[in-house]
Amino acid sequence: MTRAARLGGRGGLGGAAYFLPSLLTVLLGFAGIWLATNGLQALTDESAKRLRIKREHPQLPAFVLQNMNGQEITIGGTLGQNTSVTLVEFIYTTCPTICKTAGSSYGQLRDRVEQAGLAPTVRMLSVSFDPQNDTIENLKSYAELHKAAGDIWTIARINAVDIERIKRNFGLRILEDEIWGYQHNTAIHMINANGQLSDIYDIDDIDSVFAALSKS
Amino acid sequence: MSQAENTKHLTPQAGLVKLTMLISGAVFALMMLIGVVMRASQGGLLDMEPDLFYQLLTTHGAGMVGTAGLSGAGIMWYFLGRHVNLSAKMYIGFLALFLIGVVFILVSTFVGHFGGMWTFLYPLPAMSAGAWEPWAAAAFMLGYVFIGVGFLLYYLAVGVAIIKKYGGLGRALGWHVVFGKADVTEAPPPTVIAAAAVTIFNTLGIVVGAAVLVASLVNLLVPGFVVDALLAKNMIFFFGHVFINASIYMAVIAVYELIPEYTGKKWKSSKAFILAWSAILLFVIAVYPHHLLQDMVMPAWMLVMGQIISYLSGVPLLAVTAFSMCVYLHGSKFKWDLASSLLVLAVAGWSIGAIPAIIDGMVVVNQVMHNTQWVPGHFHIYLLIGEVGMSFGFMAWLVKSKSQKQSGMGAMDKLLLTSFAAGGAGFTLMFLVSGALSVPRRWAVHMPEWFLQDRLATIFALLVVFSILTQVIRYATGLSRNTAK
Amino acid sequence: MILTAFSPRSANHKVRTRYGILAIISACILLLILVVFRRALEATPATHMVLLLPALAYVGALFAKGMLPNGVNISEANANAVTCASVWAIFFWMLPRYIDASLVSPWVDLLKFTSIPIIIGGGLALSWRKTNPYLRGFLQANALSMLGVLAFLYTYAPVRICNSYLVSDQKALGGIFLGIAAALSIYWCLPLFLCPKNFNKKGLSTNNAIT
Ligand code: HEM
Ligand SMILES: [Cu+2]
């Protein structure tokens, strides 16, 4: 059939019965997409994950980390800590790009926490997921670079054996990058006093993090 | 059906077009009132907050451009219906979507206080500094999306109808005559050539416009999605320019179809006519994508070149239309009535408006003149005297009664014509004078040195408003008289 | 492209059946290739979105043409509805969330390998030509705009849309979308300029309008 014949043969629009099947399909399709995207809120994997975490507050198992002074610290777990909220961002210290800017917005957050007198209830961690390359010395120099003194903001690294569990529990996706080393989610993960992952924020969205901290 | 038979019967959807013109006329009048208020405020005659001025300027720009498109679409639909079978349902869909869009825009500017200009240039809509909420900017762009979808339906209906009758767009543009062996007598009528060309480039414009609108909307919702500002600007520029040109090119069909009624000589498609329309197509399509694809860094010469060519793009067509009209008028017993005078005036206005546009398109001048009132000066000439003139000429013709047909111009007709012509000329001249004196455009508050032109322009604009308002009322009563009969 | 393949226009019944069998065999082979090489094809967003997914749709179109060489007897109203359903499916598989998910969850992957051939490929193959020309034009224009939007956003925004893919690959995909938009616009628009062979001055002859 030629285009001409197609155009010649049809092209009229009928009555209501003509529109009904398409209308139904359009409505059903929209409903389907609405459901599949949590009401158009979560078009990406990342936003879907954040919505789920906000709703479910999944319990984190306890992870033992090593901080820049070589001491062991714990995040997650049900035992509770002496601080009420832990903020975690994942980094690797040789990162030339995102982690740098992430570091500076983390620093701003630290200053605001300090000024607001929230320091006793907030612990901020930058955690390296690359313990092979990130030696204690590296963590130290990273801490110096960003003026993370260890009082509120501490630099730490994971145990190599934990990497898969960490990735699963925090929903991290870390990809090897052809130029820089890794591409990873840069986000601030909030852990409440019960060791539950309660929210995830964009790294530069420190206003929202601060608002949440002030409330809790 | 033969051509002659075809042109005799009226469009089956004349009623819809008459309604369209009524809406257009009323909105034109309203937007002109807003224009007068702005001009008066620039002249220090009114005390207005700058915020309100920018809301009014946004409404005026969007409203005028949209209405120019609407009235042009009405004219084209009416006359194209003499040559091809058009779908009334698609037109109703177009009109409905257009009106929904208008509601969105009005709510955005008057309720949401959106004042980011009709060009919604990124990132201005998202950076209101508190003057308006993001929803207002989103509503404004959604309004554009509705109008754009409406026009898409319109051009789909036109395109399908033309292809059905003429086989392909190439034939509808008359290419078989200039590039093939066909004789000039086989050329499609001017209306069809014009409609085919406008359909092609304005569909392209709408597709590009939709893309930049949706990207800007995404950016409003998810600010992380930064938009390439330079590319966005190019796309908006392309879309806006194409759209506003299309409105005049659609309206000029009224000239092709109505002037012959007065001269008794048919407006035929000559080879020059066909070539002129194809040149327009080429200018608009071939120059802009080139100018668009420059992703990151836009060389300045390219912008300037694009601008010159875009301004020049009106010239071949203009030459053919204005020139042919003079030839037709010459040596025929032309009947001057309100409709025919307005149409002739409009072609003159359109031609004259191109001159300052070309001057502005020159590189050296442009650096001085752009962003002065020279710019509103030149486009008000061909939009106000040109496009609006054609629309009101068509409207006057629509409601012309049998008795008037014999009598030509009455005293009232003469008054309306004179006040429109004199007011329009004076009003636009004041913009040009201000531009030449480097008065910037888009300034809510003017320096006292500029008040003289501002105030004179206000008086001239009032003349225009008087004429247009009266014409709208006469049109409305004319319609009801005709339907009552 | 998908739609005109194996449409045995003037062939008689026997030839049609032969074409049909051929189409089904090719569809099976293609599907097998896609299943075997899916990890490689999914390695970058460009090959995933631009090779794998369209190829899956093509598989469905081949199956449909093979099993129903004479098409189906479907009214225009229903054809419109089927086309709308296919468009929704396309929309769904443009969502980064489910592209990501199909790499992680075998269930979503299975959904991808079934729904795309059936709903998009098969659906469009049987319904597109019978769809109202206005609706087709509308969808085509929108497809061009949306590809433009995606190109616009992907090539410039620093947001990582898929957690499974690198930003640089996302950029490349944006560029490819732009290319596809350009190619499609030419492919769709050029024929509109040409005059069909069976055209005469009285209008289009409809005598060979066998559907
Ligand atoms: C009596 C008639 C009119 C009056 C008094 C009027 C007045 C004005 C004024 C004062 C401005 C702002 C100039 C500046 O930048 O300083 C303006 C801008 C504009 N006018 Fe008009 N106008 C009239 C008719 C029209 C018509 C008929 C159209 C189009 C069909 C139109 C389209 C525009 C556009 C597009 C702008 C630019 C808006 C912007 O800068 O964002 N105007 N007009
Ligand atoms: Cu990094």
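Okay, let's start with one glycine: C:Gly148 counts as buried, because its relative accessibility is 15% and the cut-off for buried is under 20%. Before I go on, keep in mind that this is a predicted model.

So where does C:Gly148 sit? Its place is in helix α7 of chain C, which covers residues 133-156. If you want a second point to orient yourself, take C:Ser75, which is 73 residues away from C:Gly148 along the chain. The C-alpha atoms of those two are separated by 33 Å.

Now over to chain B. How many helices and strands does chain B have? The tally is 19 helices and zero strands. Chain B has 485 residues, and 61% of them count as buried. And if you take its contacts between residues at least 6 apart in sequence, 84% join residues at least 24 apart.

Chain A has another make-up: seven helices and nine strands. There, 49% of the 216 residues count as buried. For chain A, residues 24 or more positions apart account for 67% of the contacts with a separation of 6 or more.

Back to chain B, and the iron. Which residues hold the iron atom of ligand 1? Two histidines coordinate this iron, B:His60 and B:His380, each through NE2, at 2.0 Å. Those two come from distant parts of the chain: B:His60 is in helix α3 and B:His380 is in helix α16, residues 374-398, and they're 320 residues apart. Are they buried or exposed? Both B:His60 and B:His380 are buried. As for the geometry, the iron site has six donor atoms, with angles of 86 to 179° among them, and it is octahedral.

Let's stay with helix α3 of chain B, residues 50-80, and look at a neighbour, helix α4, residues 88-111. Their axes come within 10 Å and cross at roughly 170°. Angles over 145 degrees count as roughly antiparallel, so that's what α3(B) and α4(B) are to each other.

Who's touching whom? On the α3(B) side you'll find, among others, B:Leu56, B:Ala62, B:Leu70 and B:Trp77. Across from them, α4(B) brings in residues including B:Tyr91, B:Phe94, B:Phe98, B:Ile105 and B:Phe110. What's the mix of nonpolar, polar and charged residues in this contact? Twelve are nonpolar, seven are polar, and none are charged.

If you'd like to follow along on screen, go to B:His60 in helix α3, and then look across to B:His380, the other histidine coordinating the iron.

Terms used: Residues are numbered from 1 along each chain as its sequence is written. Chains are lettered from A and ligands numbered from 1 in the order in which they are written. This is a predicted model: local features need pLDDT of at least 70, side-chain atom pairs count only at pLDDT 80 or more; totals for chains, interfaces and linings use all residues. Side-chain values use heavy atoms; hydrogens and water are left out. Axes are lines fitted to C-alpha atoms, for helices over the stretch in contact, and angles run from 0 to 180 degrees between N-to-C directions. Helices (H or I, at least four residues) and strands (E, at least two) are DSSP runs, numbered from the N terminus. Angles under 35 degrees count as roughly parallel, over 145 as roughly antiparallel, 65 to 115 as roughly perpendicular and the rest as oblique. Contact means heavy atoms within 4.5 Å. Ala, Val, Leu, Ile, Met, Phe, Trp, Tyr, Cys and Pro count as nonpolar, Asp, Glu, Lys and Arg as charged, and the others, Gly among them, as polar. Donors are N, O and S atoms within 2.8 Å of the metal (3.2 Å for Na, K and Ca); water is not among the atoms, so sites may look incomplete. Four donors count as tetrahedral if all angles lie between 85 and 135 degrees; four count as square planar and six as octahedral if opposite donors are over 155 degrees apart and all others between 65 and 115; anything else is irregular. Buried means under 20% relative accessible area, exposed over 50%, partly exposed in between (1.4 Å probe, protein chains only).
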